[in-house]
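Reader: Please take a close look at the aromatic side chains of this structure and the residues around them. A single connected account would be welcome.

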Amino acid sequence: MVLADLSSECFDESIELGEYNEMTAKIQRRVLAQIKDDQRRKHFAMRQALSIAIIAAVLVSLLTVTAYALGLFKLNKNHIPEEVTVHGEWIERDSEGKITDVQFMRYPDTNLVFTYDCEATPHYVEFKPGWLPSDSSFQVGEHEGWYSHMIDDGSSAVGQILYNIDVFYAVPGFQLVMMYQSEILEESLWEGYEVTKLVNHNPVWGDDNYVLLFSPEHGYMIRVGGGLDMDTLEKIAQNLEVRILDEEVEYNPDYNIGIINVARG
């Protein structure tokens with residue numbers, strides 16, 4: 001519309017845009033002079049700059065997501081409807097492989113179950129705490145400060161666990177159940193990990209907080225959970241050093257369900 005208005009002021013003759021002649025040159029000079037201080041041009045430039053910034057941010061985000069998507073393992077967070085009961089089996093066999101016992105495991109009071117997509121077999125890992133709010137009351141491993149399990153279960157044998165650090169592995173067909181009702185508070189990416197923060201409403205001793213660190217590249221998940229506040233548990237998680245061992249994880253498909261909640265023992 002602006003170009004049409006300007007050209008009509010210059011002459012009445014018809015012109016063809018794209019061809020250089022005196023008439024088009026005249027229009028060009030007039031247009032550039034007219035729109036130099038045109039407010040609409042400034043608005044367009046601002047919109048163009050914002051569009052470029054948004055596109056750049058989206059590209060960075062997509063590249064980050066793509067980098068994580070290149071992992072051999074995927075963690076699925078399955079939200080379970082209230083009317084659905086999660087179930088699985090523990091199957092016992094004799095030395096000849098014949099079934100001797102089957103335990104049917106049922107979890108009616110859960111709304112969150114983790115499963116995995118796997119393109120490889122994970123290796124066992126160990127962790128070394130760089131910071132702890134208190135000394136642990138029990139641990140497994142202790143090879144020069146490296147562990148596979150650590151807990152401070154507090155002063156009571158039945159009260160709330162302060163913190164519990166454990167490792168879980170991505171294996172196909174396995175369901176990892178978060179017993180009782182849970183709320184996912186935050187999901188983020190941090191130094192090669194997919195991080196999930198959630199609160200679990202434990203009816204026995206009260207709410208527990210969890211920080212889950214999942215490695216899509218190596219197929220393990222470190223759970224830091226307990227009754228301490230989320231910031232404290234996050235500090236524990238951020239100060240963990242992890243090493244990958246040579247031994248591959250052994251998985252028995254006869255045991256296809258387990259619990260991720262913090263627990264004694």
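Author: In this predicted model, the side chain of Lys 235 is placed over the face of Trp 131, and the distance to the ring centre is 4.3 Å.

Aromatic rings also meet one another, and seven aromatic pairs are counted. One of them joins Trp 90 and Tyr 255, whose ring centres are 5.9 Å apart. The angle between their planes is 55 degrees, and the pair is classed as tilted. Trp 90 belongs to strand E2 (residues 86-93), whereas Tyr 255 is found in the loop between strand E14 (240-248) and strand E15 (257-259); the pair therefore ties together parts that are 165 residues apart in sequence. Trp 90 is partly exposed, with a relative accessible area of 27%. Tyr 255 is likewise partly exposed, at 26%.

A further pair consists of Phe 174 and Tyr 251, with ring centres 6.2 Å apart. Because their planes stand at 90 degrees, this pair is edge-to-face. Phe 174 lies in the loop between strand E8 (163-169) and E9, and Tyr 251 lies in the loop between E14 and E15, so the contact links distant parts of the chain, 77 residues apart. Phe 174 is buried, with a relative accessible area of 15%, whereas Tyr 251 is partly exposed at 26%.

Trp 190, Tyr 193 and Tyr 220 form one aromatic cluster. Strand E10 covers residues 181-190, and strand E11 covers residues 193-202. In the loop between E10 and E11 lies Glu 191. This residue has a positive phi of about 45 degrees although it is not a glycine. Glu 191 counts as exposed, because its relative accessibility of 66% is over the 50% cut-off.

Another residue with a positive phi is Tyr 180, at about 70 degrees, and it too is not a glycine. Tyr 180 is located in the loop between strand E9 (175-178) and strand E10. Its relative accessibility of 19% falls under the 20% cut-off, so Tyr 180 counts as buried.

A polar interaction completes this account. His 149 lies in strand E7 (residues 146-152) and is buried, with a relative accessible area of 8%. The side chain of His 149 makes a polar contact of 2.8 Å with the side chain of Asp 166.

Key:
Residues are numbered from 1 along each chain as its sequence is written. This is a predicted model: local features need pLDDT of at least 70, side-chain atom pairs count only at pLDDT 80 or more; totals for chains, interfaces and linings use all residues. Side-chain values use heavy atoms; hydrogens and water are left out. Helices (H or I, at least four residues) and strands (E, at least two) are DSSP runs, numbered from the N terminus. Buried means under 20% relative accessible area, exposed over 50%, partly exposed in between (1.4 Å probe, protein chains only). A polar contact is a pair of N or O atoms within 3.5 Å; within protein, one must be able to donate a hydrogen and the other to accept it, and residues adjacent in sequence count only if both atoms are side-chain atoms. Rings of Phe, Tyr and Trp (its six-membered ring) pair if their centres lie within 6.5 Å; planes under 30 degrees apart count as stacked, over 60 as edge-to-face and the rest as tilted. A charge sits over a ring if NZ of Lys or CZ of Arg is within 6 Å of the ring centre and within 35 degrees of the ring normal.
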